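Q: Please take a close look at one strand of this structure and then follow its connections outward. What does it pair with, and what lies around it and further along the chain?

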Amino acid sequence: MDFLAPDRPSLVLAPMQDVTDLPFMRVIARRGAPDWFVTEYFRVYPDSRPDPYILRSITENQTDRPVFAQMIGRDIPALVKTAIELQRHPVAGIDLNLGCPAPVVCRKDAGGGLLRSPETVDAILGALREVIPGRFTVKTRIGYHDESEFPRLLEVFSKHAIDLLTIHGRTVEERYQTPVHPDCVKLAVETLPCPVIANGNVVNIPTGLSYIQKTGAAGLMVGRGAIRNPWIFAQLKAAFAGETPPAPTRRDLLEYAMELYAELAKETKRFNELAHVQRMKKTMVYITQGLDQDFHHRICRAKTPDDFESACRDHLDRDEALPDTPPDDTRLFCGFGELVK
């Protein structure tokens, strides 16, 4: 596509529901922005309207980076209507979510649940391509039950002149609990006429470089790894250029956590400090991975702003280098070591 980085692999922040909103994009961008963003998904169903808060990630974007609007749903008339409406805003393009593994989504045959029916995916892509004259991209997994489903999905994707395919290299049922399958991403790179972005298990420079080397992908989409390490895009860009990457310290991480706390609070219409601490925990569980176990426990037990800030300052307020990787065997990060073998 015309906005791919011309001289290196492109870098994208993965959309993560209830995490990668407008304030998160702002905080990430200050530490080294990706080449483009993708919104949290707009839930689409009969009579739905684009969520006003998510829409602000497009209309109030001040990161100087393009933003794609992502939709999730299965009702074709509603998806068509929403795609048309979203294109009235300054979007870089429209993205369709075929990868979300959340059980509540899959039970509705949306997100990753749609991969059980390639025929439905075929119909949705055809209908959307007709009403999206600009960039139309898709984010998928490699199948629902098994990677053997992927070649059939590639046949469907190749029919509809999509502009880019992002592949989370796991099946829906694997969720986040296995290594990724770079061979599937490589197959897509070799099969499809459009660029392919590799997603899943990029947590540092070596995993990112290896994923590119093993697949030939046009770029990387980073999600959980970027929550834990918001400097990862700057680090990867430096590595691609043969330059020295940033080496953040615990004190840098403290500044990140406090800044995110303040940015999210500023965006909350009915601010409640106890509820806000609970909201921050959704992000902090990624940040604490690989740091002191006591820090993780204190964050999980925190109830008040004082609890939260004292835990952060006690464990982060010093100039000590951050660990390069999180543990490789948790429910949040699992199997990334396989990428660098």
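A: Strand E3 (residues 42–43) and strand E4 pair in the parallel sense, over 2 bridges. Strands (E, at least two residues) and helices (H or I, at least four) are DSSP runs numbered from the N terminus, and two strands count as paired if DSSP finds at least two bridges between them. The model is predicted, so local features need pLDDT of at least 70 and side-chain atom pairs count only at pLDDT 80 or more, while totals for chains, interfaces and linings use all residues. Residues are numbered from 1 along each chain as its sequence is written, and side-chain values use heavy atoms, with hydrogens and water left out.

E4 is the strand to look at closely. In its pairing with E3, phenylalanine 42 stands opposite methionine 71 of E4. E4 spans residues 67–72, and 6 of its 6 residues are buried, so the strand is largely enclosed by the rest of the structure. Buried means under 20% relative accessible area, exposed means over 50%, and partly exposed is in between, with a 1.4 Å probe and protein chains only. In a regular strand the side chains alternate between the two faces of the sheet. In E4 both faces are covered: Val67, Ala69 and Met71 are buried on one side, and Phe68, Gln70 and Ile72 are buried on the other.

E4 has further strand partners. Strand E5 (residues 93–98) pairs with E4 in the parallel sense over 4 bridges, and glutamine 70 has aspartate 95 in E5 as its bridge partner. Between these two strands the chain passes through helix H3 (residues 76–86), and this β-α-β crossover is right-handed. Right-handed here means that, with the strands pointing away from the viewer, the path from the first strand over the helix to the second runs clockwise.

E2 also runs parallel to E4, and 2 bridges join them. The bridge partner of phenylalanine 37 in E4 is valine 67. Phenylalanine 37 belongs to E2 and also stands opposite leucine 13 of E1. E1 and strand E2 (residues 36–38) run parallel and are joined by 2 bridges. Helix H1 (residues 22–29) lies in a right-handed β-α-β unit together with E1 and E2.

Strand E1 (residues 10–13) is covered on both faces as well, with Ser10 and Val12 buried on one side and Leu11 and Leu13 buried on the other. E1 also pairs with strand E9 (residues 219–222), in the parallel sense over 4 bridges. In that pairing leucine 11 stands opposite leucine 220.

Several residues of these strands belong to nonpolar or aromatic groups. Phe68 of E4 forms one aromatic cluster with Phe3 and Trp36. Aromatic rings of Phe, Tyr and Trp (its six-membered ring) pair if their centres lie within 6.5 Å; planes under 30 degrees apart count as stacked, over 60 as edge-to-face and the rest as tilted.

A nonpolar core is a set of buried Ala, Val, Leu, Ile, Met, Phe, Trp, Tyr and Cys residues joined through side-chain atoms within 4.5 Å. The largest has 97 residues, of which Leu128, Phe157 and Phe308 touch the most other members. Helix H11 gives the most to this core, with 8 residues. Another core, of 11 residues, lies apart from the largest one, and its members include Val12, Phe68, Leu164 and Met221. Leucine 128 leads back to E4: leaving out residues up to four places away in sequence, it touches Met71, Leu79, Val80, Ala83, Leu96 and Phe136. Contact means heavy atoms within 4.5 Å. In soluble globular proteins, nonpolar side chains tend to be buried together.

The loop between H1 and E2 holds arginine 31. At 10% relative accessibility, arginine 31 counts as buried. Among its contacts beyond four places in sequence are Trp231 and Tyr256. The structure holds 6 aromatic pairs. In the pair of tryptophan 231 and tyrosine 256, the ring centres are 6.1 Å apart and the planes are at 65°, so the pair is edge-to-face. Tryptophan 231 lies in the loop between helix H9 (224–228) and helix H10 (232–241) and tyrosine 256 in helix H11 (residues 250–267), so the pair ties together parts that are 25 residues apart in sequence. Tryptophan 231 is buried, with a relative accessible area of 10%, and tyrosine 256 is buried at 0%.
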